[in-house]
Amino acid sequence: MSGKIERFQQYIIGGMQVAEKISALEAHARFPENRLSLTPEGLLVGNVVVSETGDKHPLDTHPRDGFDRRVENFIVGGNSISLETPGQVQRSRNETLPILQQVVGKAGNRPIDVIGRMSKIGGSEVDTMLAWLGDIKSGK
């Protein structure tokens, strides 16, 4: 899912297969390029939310509640598909909410309302999402 930006609805930016699950502390060591940091423009980037000691990173904006659970499961991606061109992004912006409503079987005005924080899909739902992403990627 894209980041949360005012004036823009979030949209699906791609998908990936889970190759492995590791701790955030291990991710800190293995993926230094993904540690939280600020760009020269002040943009927060990265997804490793711990410091080198395993404490909550000072730039991590999530609440302290639940931090212990969040750092247990850092997902390392495998096979992936990403939407990159302006046309692919626009189509995903237009179709994300309807496809999520179809796949999850739940109504909502925003993607987060449909999928919540801990939704899981499997089997045919994954196949539907992969087919949709493939169609966007190929321009169908």
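**Notebook: Lys-120, helix α3 and His-28**

I looked up Lys-120 to begin with, and found this residue exposed, with a relative accessible area of 78%. The model I worked from is a predicted one. I then placed Lys-120 in the loop between α4 (111-115) and α5 (124-138). I also took the separation of the C-alpha atoms of Lys-120 and Glu-95, which is 20 Å, with the two positions 25 residues apart along the chain.

Glu-95 led me to helix α3. I noted a kink of about 50° at Glu-95, shortly before the proline Pro-98. I checked the length of α3 (residues 86-104): at 1.5 Å a residue, its 19 residues should span 27 Å, and the end C-alpha atoms are 26 Å apart, which agrees.

Next I asked which residues of α3 are buried. I recorded Gln-88, Val-89, Ser-92, Thr-96, Leu-97, Ile-99, Leu-100 and Val-103. I looked for what covers these buried residues and found that the cover includes β4 (74-82), α4 and α5. Just after α3, I noted that Gly-105 takes a positive phi of about 75°.

My last entry concerns His-28, which I located in helix α1 (residues 24-30). Is His-28 buried or exposed? I entered His-28 as buried, because its relative accessible area of 9% is under the 20% cut-off. Setting aside neighbours within four places in sequence, I listed the contacts of His-28 as Arg-35, Val-48, Val-50, Ser-51 and Glu-52.

Definitions and conventions:
Residues are numbered from 1 along each chain as its sequence is written. This is a predicted model: local features need pLDDT of at least 70, side-chain atom pairs count only at pLDDT 80 or more; totals for chains, interfaces and linings use all residues. Side-chain values use heavy atoms; hydrogens and water are left out. Helices (H or I, at least four residues) and strands (E, at least two) are DSSP runs, numbered from the N terminus. Buried means under 20% relative accessible area, exposed over 50%, partly exposed in between (1.4 Å probe, protein chains only). Contact means heavy atoms within 4.5 Å. The expected span of a helix is 1.5 Å times one less than its number of residues. The bend at a residue is the angle between axes fitted to the seven residues ending there and the seven starting there.
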